[in-house]
Structures are given as C-alpha cells and as structure tokens.
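User: I'd like to walk through this model with you at the bench-chat level. Can we take it one piece at a time?

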Amino acid sequence: METPIYFWGVILWMIAWGVLGSVALNRRYMARDLDTSNVSFAGAMSGAALGPVGVGYLWLRTPALTPRLTTVLGILAVVLIAAAFAFADPQNNCVANGRFVASQISNGLIIGIIYGFMALGLTLIFSILGVVSFAHGEFYMIGGMLVYYITVIWVPGLNPMLGVLGACAIAFVVGAVFERLMLTPMYRGKVDRPVEYGILATFGLAFTLQYFVQAMHGASPVKVQRYVDFPRIRWPENADPHWISASRGNLTLFDTISISNPRFTAAITCIVVLLALLYLLHRTWTGKALRAVSQDRDAAAIAGIDPNRMNMLAFALGGMIAALAGALLVQAFSWLPQVGAIPAMRSFVIVVLGGLGSLPGAFVGGILVGLVEAAGTGCLPDAQKAASYIPAYGMIVLTLTLLLRPSGLCGRRFASGAHGQGG
C-alpha cells in the first residue's frame, strides 16, 4: 500500500517545528540566563507536538522545564506520530489488530527487562570506576558458553541452575582478577591518561575472551535445553477463553499474549536479581561503601573504606551481571563467540539513554529500547526487513538522545566515579 502524501507532510511538519523549537528556545533560555539542561528536548517535543503554539508559549513564558512538563510534551509528540501512522496505514497490524499490539508490547517489555538488566552491569562499573567497559559483551558471551560447557560437556545432566551459578562465579573471578591486574595501576598514579588506558585495557580483555573461546570451542553455534518447563495450566478450567494457560514452552494470557518460556524465566530472574542488587547497594555496609567510593574516592578512604577493593568488587559484579544475562538467554538463542557484539551495543545505547551512571535510568532505558524494537519489528509490513533493521532502532534512539537530551532520561548521575578517581 502506498503511503498517503499527507502522512509525510505531517512528519515533515513535526520535524521542522521540532528542530526550530529546539534551536530557538535554547537561545532564548540562554539569553535569559536560565537553566538550559532540558531546553533542547522540551523545544523539540513542543514543536513536534503543538507546532508554533507550543514553541510560542515556551518562548514567551520561558517556564521552568520540569520533568513532568517535558514528559507530557514527549508523550504528545509520540501520540501524534502514532495517529499519523494510523491514518496513513489503517490496515497495518499495529493499527487494526489489538491482540497483535498487546503481544508485541508484552514481548517488548520482557526483552526490555533483560536489556536493562544487562546494562545495569555496565552502569555499575562506570559509576564506581569511571571506566566504560568494552568487554561487557564478552562477559555476556562467556556466561552462555560456560553454562553450555558445565551442563553439557563437563558435567552432563547437571541441574541448569547450578550451571548458571557456576558461570556467574567464574565470570566474577575473571572480572576480579582482571581489575586487580590491569586496572589497579590507574588508581595508583602509574598511568598518565587513565581514561584512555581503561578503554584500551577493556578492549584487550574483549579480544582476548572472544578469540580464546573461538580457539577452544570453534565457530559452531551451541544451545542448551530449557531450564524449567511450565506446568500444564488452564485457568479457569471450564472457561472459554482461558485467562491463563501454559504448556511446557509457552505462557499464554487471555488467549492473546504468548510469551516464550526462556524469555519469561529470564525476565523474572532479572527482576529478582535487580531487587537483590538494590538491597545490596542501599541496605548493606558493602553497598554503602560502593556508593561512597562512587561519590568521593578520597573521602571514602578517610572513612576507612578501601577504594581499590570496592573497584575490584564493582568490576567483578558488573561482569557477573552480564554473564548472568547470557547464561539465562543461551536457552533461547544460538550461541557463538561473537554473540556479545550486538548486546554490548544495546547496553551502550541504554546507558546513554538512561543517563550515565544511573541504575534506575539503565533499567528504564532497557525497557524503552525493548518497546521500540517491538514496535519497529511489528509495525513494518515486511517482516524480513523489519527483523534486519533491529540494530538500527537502537541507533536511532541513541542519536535522538544525544541530540535532544545528552544527559539521558534521569539526568543526574547515580554516581560520579569519574570525578572520584583521584591520583
């Protein structure tokens, strides 16, 4: 079906006023010496959603751009884009099929939770060490590979949960040893340019892990069986349709939403581990010590905290979180030594989207990326092209975030490890 000309007219109108609003309001707020941290985003959203009315109102009144106001403007812009799309292609599944939309949203939430969980490890490392780990995707890869080798090659028939725990333990040790041997010189004044050194060191770890696994295992893909099977459930038993039904491999809600067993179990496990991580950070001495080091390394040392030990713990925990994500998803996807590249890219997008160093922002950003990917793959008429464009959706989100809100959704950092490095 050919897209009507008015659809592109609406889109061009929104883009034009969004760009104009972003540029004009940024200059206006700077001229009045007002806070400009959210101006680009608010100007773009007001122009896209309300055109000259929105831009003119903000130009004349220059109100404080609170998170609530910017959120409302963003929602209005998204609603208008969705409405234009619905009028342009009323036969599209995303417009005409409510069950399809519900299924896409649920699956987007599930995979978004997993994305956000993986990005938590990257955010934790940056928060404490002030280093962006480029080996994060390889920790994800070795998590899945270790589960395969533990449960299939080394100890056939072993309970998969024990395999997952073993993979996490090995990844934790690898991260701790690497941090102690390769990153500790940054904090002892032995490196002139610690940021660049950290990038190169983690790049080296990424290459080492990937090619070591490829040399030992080869390039053949692996996969493991489902860890747990759903019990056969139909509830209510005598009703038609059933509200909840489950077979061994799928969970179905309201005869509409179908969720695969591996993704569902992975998402639930990620939520449980996230809650445990938040408890560790906010309710235990070790977690408070980590947060203290992230805020001010020297002050934490004066208070009796060993910053080097906290750095080692943070890097090991971050690598273990990525490995856990891989260990949970090796039951859903084929696993190769190069499998970590795209998840690592998604993690960088999510960290920027949520705000550098923000743990809640990383999780929210993961859910948003999951929903964007679900919308993109579901709404494009050509399913094959839609699937091939999946990596591009994250790049679009990253580009828009850097243009409109470089500080990310949460803005304020959870921690500013980069400022606490000291000498």
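Analyst: Sure. Keep in mind that this is a predicted model. A good place to start is a pair of charged residues: Arg 346 is buried, and Glu 373 is buried too.

User: What kind of contact do the side chains of Arg 346 and Glu 373 make, and at what N to O distance?
Analyst: Both Arg 346 and Glu 373 are buried. A salt bridge calls for a Lys or Arg side-chain nitrogen within 4 Å of an Asp or Glu carboxyl oxygen. The side chains of Arg 346 and Glu 373 meet in just such a salt bridge, N to O, at 2.7 Å.

User: Which helices do Arg 346 and Glu 373 lie in, and how far apart in sequence are the parts the pair ties together?
Analyst: The two side chains meet in a salt bridge. Arg 346 sits in helix 14 and Glu 373 in helix 15, so the pair ties together parts whose separation in sequence is 27 residues.

User: Is helix 14 largely enclosed by the rest of the structure or not, and how many of its residues are buried?
Analyst: Buried here means under 20% relative accessible area. The buried residues of helix 14 include Pro 343, Ala 344, Val 349 and Leu 353. Helix 14 is largely enclosed by the rest of the structure, because the buried count is 10 of the 14 residues.

User: Which helices do the buried residues of helix 14 pack against?
Analyst: Arg 346 and Ile 350 are among those buried residues. The packing partners of the buried set are helix 6 (98-129), helix 7, helix 15 (359-379) and helix 17 (390-404).

User: How far does helix 14 reach from its first C-alpha to its last, and what comes just after it?
Analyst: Helix 14 covers residues 341-354, which is 14 residues. Its reach, first C-alpha to last, is 20 Å, close to the 20 Å expected at 1.5 Å a residue. Just after the helix comes Gly 355, with a positive phi of about 115°.

User: Helix 7 came up as a packing partner. Which nonpolar patch residues are there, and how many does helix 7 give?
Analyst: The patch is made by Val 152, Ile 153, Trp 154, Val 155 and Ile 170, and covers about 430 Å² of surface. Trp 154 lies in helix 7 and is exposed, at 52% relative accessible area. Helix 7 (residues 136-154) gives the most to the patch, and its share is three residues.

User: Over to the strands. Which residue stands opposite Asn 250 in strand 4?
Analyst: Strand 3 (residues 250-253) and strand 4 run antiparallel and are joined by four bridges. They form a hairpin with three residues between them, and Phe 254 in the turn has a positive phi of about 55°. The residue opposite Asn 250 is Ser 260.

User: Along strand 4, which side chains point to the buried face?
Analyst: In a regular strand, side chains alternate between the two faces of the sheet. Strand 4 (residues 257-260) shows that alternation, with Ser 258 and Ser 260 pointing to one face and not buried. The buried side chains, pointing to the other face, are Ile 257 and Ile 259.

User: What does Arg 248 touch beyond residues up to four places away in sequence?
Analyst: Arg 248 is in the loop between strand 2 (244-246) and strand 3, and counts as partly exposed at 46% relative accessibility. Arg 232 is 16 residues away from Arg 248 in sequence, yet their C-alpha atoms are 6.7 Å apart. The residues Arg 248 touches are Arg 226, Asp 229, Phe 230, Arg 232 and Asn 261.

User: How far apart, N to O, are the side chains of Arg 226 and Asp 229 in their salt bridge?
Analyst: Arg 226 is partly exposed at 36% relative accessibility, and Asp 229 is partly exposed at 35%. Their salt bridge has an N to O distance of 3.0 Å.

User: Last one: is Thr 62 buried or exposed, and what is its relative accessible area?
Analyst: Thr 62 lies in the loop between helix 3 (52-61) and helix 4 (67-88). Thr 62 has a positive phi of about 40° although it is not a glycine. With the cut-off for buried at under 20%, Thr 62 is buried, and its relative accessible area is 11%.

Note on methods. Residues numbered from 1 in each chain as written. Predicted model: local features only at pLDDT ≥ 70, side-chain atom pairs only at ≥ 80, totals over all residues. Heavy atoms only, no water. Patch = residues over 30% accessible without salt bridge, like charges linked within 9 Å, V, L, I, M, F, W, Y side chains within 5 Å. Areas by Shrake-Rupley, 256 points an atom, 1.4 Å probe, with all protein chains shown as cover. Helix = DSSP H or I, 4+ residues; strand = E, 2+ residues; numbered from the N terminus. Buried < 20%, exposed > 50% of the residue type's maximum accessible area, 1.4 Å probe, protein only. Pairing = 2+ DSSP bridges. Expected span 1.5 Å × (residues − 1). Contact = heavy atoms within 4.5 Å.
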